[in-house]
Amino acid sequence: MTTNQRIAVVPGDGIGKEVIPSALDVIRASGAAVEFTLFDWGADRYLADGTTIPPDGFQMLARDFDAIFVGALGDPRVPTNIHAKEILLGMRFKMDLYANVRPVRLLDASLCPLKNVAPEDVNFTVIRENTEGVYMDMGGNLKCGTPDEVATQEDINTRKGVERVIRFAFEYARANGRKKVLMSDKSNVMTFAGGLWQRVFKAVAKEYDDIQAQHMYVDALCLQMVREPRSLDVIVTNNMFGDIVTDLAAALQGGLGMAASGNIHPGRTSMFEPVHGSAPPIAGKNIANPVGSILTAAMMLAHLGLNAEAQKIESAVLAAVRERKTTVDVGSSLGTRECATWIAETVAR
Ligand code: ATP
């Protein structure tokens with residue numbers, strides 16, 4: 001008898017509360033041997049009783065679950081965004097989910113804002129360092145609010161942190177039949193941090209002579225993503241650059257509503273979330289695109305070894321895109337629920 005794999009589900013705020021239940025329906029339709037436990041962490045809960053995540057929340061997730069599926073966190077009623085920081089950045093940092101994997105795949109030429117680009121021209125993956133960099137919130141202000149104010153924001157790069165994410169990128173390339181790993185930084189200006197990334201990248205690349213190692217400054221990479229996305233394969237970069245280039249990458253595949261991601265520490269409970277945020281302006285209107293969450297669900301199932309179910313879901317999404325059974329942000333007319341139902345029914349067939 002197979003035991004169900006346990007998935008903790010945090011729909012969160014805004015459109016997360018619409019797209020995650022839709023994606024769960026699609027997972028159920030795939031017949032995957034999984035069971036869900038829902039958590040109400042998010043702005044409503046925070047405003048009701050001050051809870052962001054319970055004190056033992058991260059230990060409980062790591063101990064009791066095989067994966068975590070998160071929607072989005074962020075709500076205008078919580079201007080500090082404290083709950084989002086504690087829950088989302090908490091999972092990334094406290095559970096040490098150091099590799100943020102963001103596949104970038106164009107499913108249909110009509111979704112790409114670039115001219116003369118075919119689906120096979122946009123098919124790469126960005127691996128973003130997820131636990132260091134400027135996101136560590138180290139820095140300070142001096143003479144705050146005066147004309148002499150000084151602000152500093154530290155960029156933290158540890159040898160261990162840089163090495164493990166670069167190694168992850170090479171391993172990912174090998175495991176996924178990719179041929180190239182491109183490290184992107186700004187080492188011409190950020191010489192200390194960039195210098196470390198450069199040295200570590202060169203050293204680790206020597207261990208992977210089957211994979212071509214390349215380097216590109218991040219500004220040049222942005223140009224390349226638009227001019228020749230076909231040349232890209234696996235990209236590894238720091239937390240901040242990864243955040244920025246993956247929004248650009250999302251645009252190449254049809255927008256934020258189409259993009260999936262996983263926050264991974266091999267061998268540990270990992271977390272999967274669509275790239276988009278809570279999108280308050282469109283929340284509660286049944287117009288959010290559920291595809292990013294549905295592709296994220298497929299990514300999570302593949303990570304759990306449920307490859308056949310993941311494949312079925314990806315094929316159904318591809319069919320939905322081709323037959324225009326999708327939402328308004330990608331030029332079709334279905335609502336969130338109707339799009340997800342079409343995909344779930346296709347998966348079940
Ligand atoms: P947060 O603060 O939680 O990151 P945000 O509104 O700043 O939220 P996003 O949620 O990432 O950032 O979205 C920015 C805009 O992109 C949205 O207002 C919306 O117009 C569009 N968008 C994002 N996700 C989707 C989606 N799933 N479907 C349709 N449009 C989307």
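This report walks through a predicted model, starting with its domains and ending with one threonine and one leucine.

**Two domains and their cores**

The domain assignment divides the protein into domain 1 (1–98 + 265–349) and domain 2 (108–257). Notice that domain 1 is written as two stretches of sequence. The C-alpha centres of the two domains are 24 Å apart, and 17 residues of domain 1 make contact with 16 residues of domain 2.

The largest nonpolar core contains 86 residues, and those touching the most other members are Phe69, Phe124, Ile127, Ile166, Val236 and Ile343. Domain 1 and domain 2 each supply at least three residues to this core. Another core, of 19 residues, lies apart from it and includes Phe58, Ile68, Met95 and Leu97. As a general background point, nonpolar side chains tend to be buried together in soluble globular proteins.

To see one well-connected member, look at Ile343: leaving out residues up to four places away in sequence, Ile343 touches Val26, Val291, Ile294, Ala316, Val317 and Ala320.

**Strand E12 and its partners**

Now find strand E12 (270–274). How does E12 pair with E3 and with E11? The table sets the two pairings side by side.

| Strand paired with E12 | Direction | Bridges | One residue pair |
|---|---|---|---|
| E3 (residues 67–72) | parallel | 3 bridges | Ile68 with Met271 |
| E11 (260–264) | antiparallel | 4 bridges | Asn263 with Met271 |

Met271 therefore appears in both rows, as the bridge partner of Ile68 and as the residue opposite Asn263, under the rule that two strands pair if DSSP finds at least two bridges between them. E11 and E12 make a hairpin with 5 residues between them, and Gly267 in the turn has a positive phi of about 85 degrees.

Is E12 enclosed or open? It is largely enclosed by the rest of the structure, because 5 of its 5 residues are buried. Ser270, Phe272 and Pro274 are buried on one side, while Met271 and Glu273 are buried on the other, so both faces are covered.

**Thr269, just before the strand**

Thr269 sits in the loop between E11 and E12. With a relative accessible area of 9%, Thr269 is buried, because the cut-off for that label is under 20%. Which backbone atoms does its side chain reach? The side chain of Thr269 reaches the backbone oxygen of Phe65 at 2.7 Å and the backbone oxygen of Ala62 at 3.2 Å. Beyond its neighbours within four places in sequence, Thr269 is in contact with Leu61, Ala62, Phe65, Asp66, Ala67, Ile68, Met95 and Leu97. Some of these names may look familiar: Ile68, Met95 and Leu97 are among the members of the 19-residue core.

**Helix H4 and Leu73**

Helix H4 (residues 82–94) has 13 residues, yet its end C-alpha atoms are only 16 Å apart, short of the 18 Å that a straight helix would reach at 1.5 Å a residue. Its buried residues include His83, Ala84, Ile87 and Leu88. After H4 comes Asp96, with a positive phi near 55 degrees.

Leu73 lies in the loop between E3 and H4. Its relative accessibility is 10%, so Leu73 counts as buried. Setting aside residues up to four places away in sequence, Leu73 touches Gly12, Asp13, Trp41, Gly42, His83, Ala84, Ile87, Leu88 and Ser278. Leu73 and Ala279 are 206 residues apart in sequence, but their C-alpha atoms are 9.5 Å apart in space.

Notes. Residues numbered from 1 in each chain as written. Predicted model: local features only at pLDDT ≥ 70, side-chain atom pairs only at ≥ 80, totals over all residues. Heavy atoms only, no water. Buried < 20%, exposed > 50% of the residue type's maximum accessible area, 1.4 Å probe, protein only. Polar contact = N/O pair within 3.5 Å; in protein donor to acceptor, adjacent residues only side chain to side chain. Contact = heavy atoms within 4.5 Å. Core = buried A, V, L, I, M, F, W, Y, C linked by side-chain atoms within 4.5 Å. Domains from an automatic or database assignment. Expected span 1.5 Å × (residues − 1).
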